[in-house]
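Open the model in your viewer and keep the selection tool at hand. Each stop tells you what to pick and what is there.

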Amino acid sequence: VISLQTKKFTERTAGHCDIIDITARIHEAIEKEQIHHGLITAFVSGSTAALTTIEYESGLIQDLKEFVERLIPSDRRYHHDDRWATTTVFRASGPALRAVHRDTHRQGKASLGTWQQVILLDFDNRPRMREITLELIGETE
Amino acid sequence: VISLQTKKFTERTAGHCDIIDITARIHEAIEKEQIHHGLITAFVSGSTAALTTIEYESGLIQDLKEFVERLIPSDRRYHHDDRWATTTVFRASGPALRAVHRDTHRQGKASLGTWQQVILLDFDNRPRMREITLELIGETE
Amino acid sequence: VISLQTKKFTERTAGHCDIIDITARIHEAIEKEQIHHGLITAFVSGSTAALTTIEYESGLIQDLKEFVERLIPSDRRYHHDDRWATTTVFRASGPALRAVHRDTHRQGKASLGTWQQVILLDFDNRPRMREITLELIGETE
């Protein structure tokens, strides 16, 4: 039987391109679910946050921050009145990253590689409390 | 009970990086559906169109157009015979944007932030009629 | 009735930004399934591979390789110890491309445009055997 389950959890962020490993939180949220295999989709609310996967390692995290700054510089002139809003909105939108992470899941684990973690990025200019929503679709016995 | 429903609507575009807010069209298409919560996936047909989310505001729209031009310049030399085709294909593909928008939905609304609209981008060099396909998966009572 | 089916196939790659058209493999995998319409999601394992769609044509393939090199240069200094790992991880992650392709399917075909193929990109520095996982959700009769 196919069923759909929704799980939520919150994560406190520091803003200013804060990068947080949420892999354990995702596994924790899905491991007790009755859906033993299927699709998992993670969403983050708000237009200044994003999700992606990367090897969560200090050098690579610094590289990612520099990549984002190079792609959407914070000191550039923008037409939108509020420069901060433009950079954050772009960074969290499709052009640079994305608000959605999709994965297969098997026995309560997302099918990530060994060197791959799901990360939450917060580009806001202040600390925020973010809600992550997981939608699981799959088979129950 | 889990069910799946497909909805379609068309949108006329002007091409040349035309940016259209389709949020109201999406809500209109799903609000009468019996699926009260679940997943919504929007697709746009054609290799020169894309979907993403942004705050639909004139300054930010101009910033997005300039970002796309900066990332994939239209005056650059390309190996593909037709320069226009290369720039449009790149802009509408994974590298810059994407053809798919995913969201959760609750009571006939996509779970967008307050300052967040779903936009259709058309990079073609002429007006087009685009078909948007929505796939809803979720629970009915 | 809604059901979910998982299909897998492997693809040998040469690494070093190898680009392979996997459209026929996807159609072959889904055409005999009982799910006649619904959603198809393709995943590639590993943090140095990605999926996207493009017109599979030699000029455009060369343009894509140059675009990736321009966006994430291989001769740039990175904080992560291993320069190769940084460039490949970035190229295969959200910032440049993505590991997931989503599509609607009808009668055993993904709903691609005429000039649109699903491609597998491998940024590894050696030949690899990649596993592609397809998750189909949809209606059976």
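Start with helix α2 of chain C, residues 58-71, in this predicted model. Put a distance between the C-alpha atoms at its two ends: they are 20 Å apart. Why does that agree with expectation? At 1.5 Å a residue, the 14 residues of the helix should span 20 Å, so the two values match.

Stay at the start of α2(C) and show side chains. Select C:E57 and C:G59. A side-chain oxygen of C:E57 comes to within 2.8 Å of the backbone nitrogen of C:G59.

Which residues of α2(C) are buried? Select C:G59, C:L60, C:I61 and C:D63, then add C:L64, C:F67, C:V68 and C:L71. Each of these is buried. C:G59 thus appears twice on this stop: its backbone nitrogen faces the C:E57 oxygen, and the residue is buried.

Next, show what the helix lies across. α2(C) lies across β2, β4 and β7 of chain C. The helix runs at about 140° to β2(C).

Now hide the helix and look at those strands. They form an open sheet in the order β2-β7-β4, with antiparallel pairing. Which strands are at the edges? Color β2 (18-21) and β4 (49-54) of chain C: each pairs on one side only. On average, neighbouring strands of this sheet are turned by 30° against each other, direction ignored.

Zoom in on β2(C) and β7(C), residues 117-122. The two strands pair in the antiparallel sense over four bridges. For one residue pair, select C:D21 and look opposite: C:I119 of β7(C) stands there.

Move to chain B and select B:C17. The residue sits in the loop between β1 (2-13) and β2 (18-21) of chain B. Is B:C17 buried or exposed? With a relative accessible area of 10%, under the 20% cut-off, B:C17 is buried.

What does B:C17 touch beyond its neighbours within four places in sequence? Select B:K65, B:D122 and B:F123: B:C17 is in contact with these. Take B:K65 as an example. B:K65 is 48 residues from B:C17 in sequence, yet their C-alpha atoms are 6.9 Å apart.

Finish with chain A as a whole. Cartoon view shows three helices and eight strands. Trace the chain along the sequence and the pattern reads β-β-α-β-β-α-α-β-β-β-β. Of the 141 residues in chain A, 65% are buried. Among contacts with a separation of 6 or more, 81% join residues 24 or more positions apart. Switch to a surface view last: the accessible surface of chain A comes to about 5800 Å², and 46% of that belongs to carbon and sulfur atoms.

Technical notes: Residues numbered from 1 in each chain as written. Chains lettered and ligands numbered in written order. Predicted model: local features only at pLDDT ≥ 70, side-chain atom pairs only at ≥ 80, totals over all residues. Heavy atoms only, no water. Expected span 1.5 Å × (residues − 1). Buried < 20%, exposed > 50% of the residue type's maximum accessible area, 1.4 Å probe, protein only. Polar contact = N/O pair within 3.5 Å; in protein donor to acceptor, adjacent residues only side chain to side chain. Contact = heavy atoms within 4.5 Å. Areas by Shrake-Rupley, 256 points an atom, 1.4 Å probe, with all protein chains shown as cover. Pairing = 2+ DSSP bridges. Axes fitted to C-alpha atoms, helices over the stretch in contact; angles between N-to-C directions.
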